[in-house]
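Please look over the sequence and the fold. The report picks out charged pairs and one pair of strands.

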Amino acid sequence: MNSQDIEGVKQLLSLPKKIVITPHRNPDGDAMGSTLGLCHYLKLKGHDPVVIVPNEFPDFLAWLPSSETVRVFEKEIESVTRILKEAELIFTLDFNVLSRTGDQMEAALKELTAPFIMIDHHQKPGDYAVHTFSDTSFGSTCEMVYHFINALGDNSLIDKTIATCLYTGIVTDSGSFRYPSTTGTTHRVVAEFIDRGIDNTA
């Protein structure tokens, strides 16, 4: 993100807001870790965030902190659409074109008037967001969320819960640190998470 985007995001987050955070359809570890990590951060900032996934996420990710609060669009279309319409800000994480949420949710998202913020590491981002943090050099959206929080000046708010969520996505999308996108910075971020109490032995 450039300095103009950072200041724009700070403005959007300067007052408490109802916020929706959504990942792509068939969410994986990076999608769930990044959305829940950002959700916990926004709660600490005084906002009212909710994670809405297009469809069910895998059972093996149900241990993530607050995963039980996640709403599933395709299971409860009417009530979740109401939440979307009431949202004052939308974060889209780990995807960069709305079609990645599936036909029904894409249609619902396109009807919204609230501003969108995109955080993603895939190629060819769409242009639907007012602020875009897109960088293909990152191996995971979770690592990008860490840098996003840092850019907003809130590193001190990254507690064990947030770190646990973000660590999950970094591990899964890096192939347990084997993929070429894993950098020295990735390891330094994880070292910081370990210092903050995450369990990296499981």
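What follows covers salt bridges, then strands.

This is a predicted model, in which local features need pLDDT of at least 70, side-chain atom pairs count only at pLDDT 80 or more, and totals for chains, interfaces and linings use all residues. Residues are numbered from 1 along each chain as its sequence is written, and side-chain values use heavy atoms, with hydrogens and water left out.

A salt bridge here is a side-chain nitrogen of Lys or Arg within 4 Å of a carboxyl oxygen of Asp or Glu. The count is 8 salt bridges. Among them are these three:

| Acid | Base | N to O distance |
|---|---|---|
| Glutamate 74 | Arginine 25 | 2.8 Å |
| Aspartate 154 | Lysine 45 | 3.1 Å |
| Glutamate 56 | Lysine 75 | 3.1 Å |

Aspartate 154 and lysine 45 are 109 residues apart. Glutamate 56 and lysine 75 are 19 residues apart.

Burial is set by relative accessible area: buried is under 20%, exposed over 50%, partly exposed in between (1.4 Å probe, protein chains only). Aspartate 154 is buried at 10%. Lysine 45 is partly exposed at 36%. Glutamate 56 is partly exposed at 44%, whereas lysine 75 is exposed at 61%.

Now the strands. Helices (H or I, at least four residues) and strands (E, at least two) are DSSP runs, numbered from the N terminus. Two strands pair if DSSP finds at least two bridges between them. Strand E5 (residues 116–120) runs parallel to E6, joined by 4 bridges. Aspartate 120 stands opposite serine 134 in E6. On strand E6 (residues 131–134), His131 and Phe133 form the covered face, and Thr132 and Ser134 the uncovered one.
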